[in-house]
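Notebook open, viewer loaded. I'm jotting things down in the order I looked them up.

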Amino acid sequence: MNFDFNVLTIHYPAVLDGLLVTLRICLFSLLFGVIDAVFLCLGKLSGRGAGYRVSVFVVDFFRTIPEVVLIFWIYSCLPLLFGARLSAEISGILALSLLVAANVAEIMRAGVQSTNPGQLEAAMSLGIPAHTIWLRIVIPPALQRMSPAFVNFLTELIKATSLLSTIGVAEMVYQANVLGNRTFAYVEFLTLVAAIYFALIFPLSLFVRRAEARLVAQKCR
Amino acid sequence: MAVLDELIEISYGCAVRVALTLTLVAVVAAGVWNLNWDTVLNLDFTGLWRFRVAIVKGFGMTLALTAAAVLCGILLGTLLAIAMQVRFRPLQWLVIGYVETFRNTPILVQLIWIHFALPVITGIPTTAIVSGVIAIVLQASAYFSEIVRAGIQAVPKGYWEASDALGIPVITRWTHVILPPAFRTMIPPLVNMTISFFKTTAILSVLSVGELMTVSGRISNATFKPIEILTLVALIYFVFGWLISLSARKIETAMANREAWR
């Protein structure tokens with residue numbers, strides 16, 4: 001078995017198209033997902049009432065069902081239920097943004113709730129106005145504590161975009177399959193795609209390791 | 001946290017609650033308004049009763065795959081984590097390379113690679129189920145080794161020094177001194193990873209390994225009614241995953257109580 005680079009040099013533009021689609025899907029689902037996540041996080045923090053109950057259920061539900069089930073449900077059921085035509089890519093973005101919303105909401109909530117109670121008590125007893133407490137005391141350190149968990153989820157999201165090839169979104173894995181079927185060079189294209197994913201995700205997971213070690217060191221100090 | 005709740009109350013907590021409830025009502029109203037009532041009224045969940053045996057078998061397969069991934073994953077992961085502790089650089093690099101490769105590429109790519117590319121290299125064709133199990137076990141071993149590594153690092157230095165001072169042989173040191181307390185601290189992340197691999201088994205449906213998601217695909221192709229079966233399958237996954245996390249919380253509180261009582 002010899003690794004045939006020629007086939008890669010001829011067909012690599014299609015794989016790069018797939019890479020662009022992968023990145024585009026990541027970007028849009030992050031954008032929509034984070035907006036939804038803010039609402040869900042507010043709901044979970046509000047502590048009681050209808051908003052709280054629904055947010056808790058939505059977060060638990062979309063974190064527990066497998067991504068593939070969610071993707072297929074949205075792709076094949078939503079158009080039937082609402083009588084609207086959705087392209088594969090749009091339904092994929094919709095499914096992934098629900099995934100992002102649920103996971104990021106949970107990360108945000110954990111970040112806010114890990115605020116140092118001593119700092120909060122001090123701020124409250126000094127009579128600092130509520131919006132200043134949020135903007136100066138709660139949110140900045142919460143963002144810092146969230147960053148490893150958020151980047152870790154980002155790596156999960158990049159890996160999850162590969163699942164959209166099952167509904168026919170023309171991202172990297174789909175392109176590799178198509179090219180593999182056409183040229184029978186499965187090994188070459190699949191290895192290339194795996195290497196691209198590795199190159200995308202490895203820096204992020206290095207960052208997660210560093211940031212986590214830093215947080216542990218901060219806690220010990 | 002009481003202080004945080006107080007802060008939420010003084011920063012218009014009531015108004016936020018009302019606004020969220022109104023948003024919720026608006027979303028639900030918009031959803032109901034746009035529903036295609038013909039489809040909704042024709043939903044027929046009783047038709048799925050015919051497929052009960054297939055669904056139960058598929059779910060059994062899902063559970064078997066989860067068990068295989070978790071058990072083999074913990075076993076191989078522990079071996080990898082122990083190999084990381086051996087003071088021999090090339091071995092450590094090898095383990096790091098293995099773990100990072102499987103953690104930083106999507107399981108779908110690994111799965112297709114093992115099913116379509118590996119036979120080209122080795123010349124041995126694998127069936128879908130064999131490829132599926134290989135892929136999920138390899139990925140599980142990488143993820144679990146990270147958890148075990150963290151667990152081993154959390155064991156206090158004194159345990160190592162004491163076992164050195166007492167002259168305990170290497171194997172006994174691992175099985176009786178280091179690993180038992182390490183595994184006790186690892187239970188919560190192990191359960192989370194179990195849920196995660198319970199979800200991952202659904203991805204194996206791209207090779208039609210006969211687990212719940214494969215079965216649901218076959219049923220929706222046979223009946224031309226995807227809504228009923230996919231909703232049922234989503235609920236099954238949700239209820240079971242929720243049960244696992246509920247039991248995890250029970251174990252955690254029980255363990256915390258035992259520690260407090262000691």
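Which residues are buried in helix 3 of chain A? I went through the helix and got Glu67(A), Val68(A), Val69(A), Leu70(A), Ile71(A), Phe72(A), Ile74(A) and Tyr75(A). Note to self before going on: this is a predicted model.

**Entry 1: helix 3 of chain A**

I put the buried residues against the length of the helix, which covers residues 67-76. With 8 of its 10 residues buried, helix 3 of chain A is largely enclosed by the rest of the structure. Glu67(A) is one of the buried ones, and I flagged it for myself because a residue counts as buried here at 20 or more other C-beta atoms within 10 Å.

**Entry 2: chain A overall**

I stepped back to the whole chain. Chain A has 9 helices and 0 strands, so reading the elements from the N terminus on just gives α nine times over, written α-α-α-α-α-α-α-α-α. Its C-alpha trace spans about 70 × 50 × 25 Å along the principal axes. I get 42% of the 221 residues in chain A as buried. For contacts between residues at least 6 apart in sequence, 76% join residues at least 24 apart.

**Entry 3: a helix pair in chain A**

How do helix 1 and helix 7 of chain A cross? I took helix 1 as residues 5-45 and helix 7 as residues 130-161; their axes come within 10 Å and cross at roughly 130°. The two helices are therefore oblique to each other, since an angle over 115 but not over 145 degrees falls outside the perpendicular and antiparallel ranges. I noted the crossing down as right-handed.

Then I listed who meets whom. From helix 1 of chain A there are Thr22(A), Ile25(A), Cys26(A) and Ser29(A), and from helix 7 of chain A there are Leu157(A), Ile158(A) and Thr161(A). By class, that contact has 4 nonpolar residues, 3 polar and no charged. The spacing on both helices reminded me of the textbook rule. An α-helix has 3.6 residues a turn, so residues three or four places apart point the same way.

**Entry 4: chain B overall**

Over to the other chain. I find 11 helices and 0 strands in chain B, and the order from the N terminus on is α-α-α-α-α-α-α-α-α-α-α. The radius of gyration of chain B is 24 Å, where a compact globule of 262 residues would have one near 18 Å. The C-alpha atoms fill a box of roughly 75 × 65 × 30 Å along the principal axes. Buried residues come to 33% of the 262 in chain B. Of the chain B contacts between residues at least 6 apart in sequence, 77% join residues at least 24 apart.

**Entry 5: where the chains touch**

How many residues of chain B are in contact with chain A? I get 50, and they are in contact with 53 residues of chain A. On the chain B side, the elements giving two or more residues are helix 1 (2-10), helix 2 (13-34), helix 3 (37-41), helix 5 (89-103), helix 6 (107-122) and helix 11 (226-261). Helix 11 of chain B gives the most, with 9 residues. By class, this side of chain B has 32 nonpolar, 12 polar and 6 charged residues.

**Entry 6: Gln139(B)**

Is Gln139(B) buried or exposed? I counted 21 other C-beta atoms within 10 Å, so Gln139(B) is buried. Its place is in helix 7 of chain B, residues 128-153. Leaving out residues up to four places away in sequence, Gln139(B) touches Phe102(B), Ile107(B) and Gln110(B). I also checked the distance to Arg173(B), 34 residues along the chain: the C-alpha atoms are separated by 28 Å.

**Entry 7: positive phi in two loops**

Last, a backbone check. Most residues other than glycine have a negative phi. I found Ser208(B) with a positive phi of about 50° although it is not a glycine. Ser208(B) sits in the loop between helix 9 (170-200) and helix 10 (212-223) of chain B. It has 15 other C-beta atoms within 10 Å, so it is partly exposed.

Phe224(B) also has a positive phi, of about 60°, and is not a glycine. I placed Phe224(B) in the loop between helix 10 and helix 11 of chain B. With 6 C-beta neighbours inside 10 Å, Phe224(B) counts as exposed.

Definitions and conventions: Residues numbered from 1 in each chain as written. Chains lettered and ligands numbered in written order. Predicted model: local features only at pLDDT ≥ 70, side-chain atom pairs only at ≥ 80, totals over all residues. Helix = DSSP H or I, 4+ residues; strand = E, 2+ residues; numbered from the N terminus. Rg over C-alpha atoms; globule rule 2.2 N^0.38 Å. Buried ≥ 20, exposed ≤ 12 C-beta atoms within 10 Å, placed from the backbone. Contact = placed C-beta atoms within 7 Å. Nonpolar A, V, L, I, M, F, W, Y, C, P; charged D, E, K, R; others polar. Axes fitted to C-alpha atoms, helices over the stretch in contact; angles between N-to-C directions. Parallel < 35°, antiparallel > 145°, perpendicular 65-115°, else oblique. Left-handed = near helix turned anticlockwise from the far one by under 90°.
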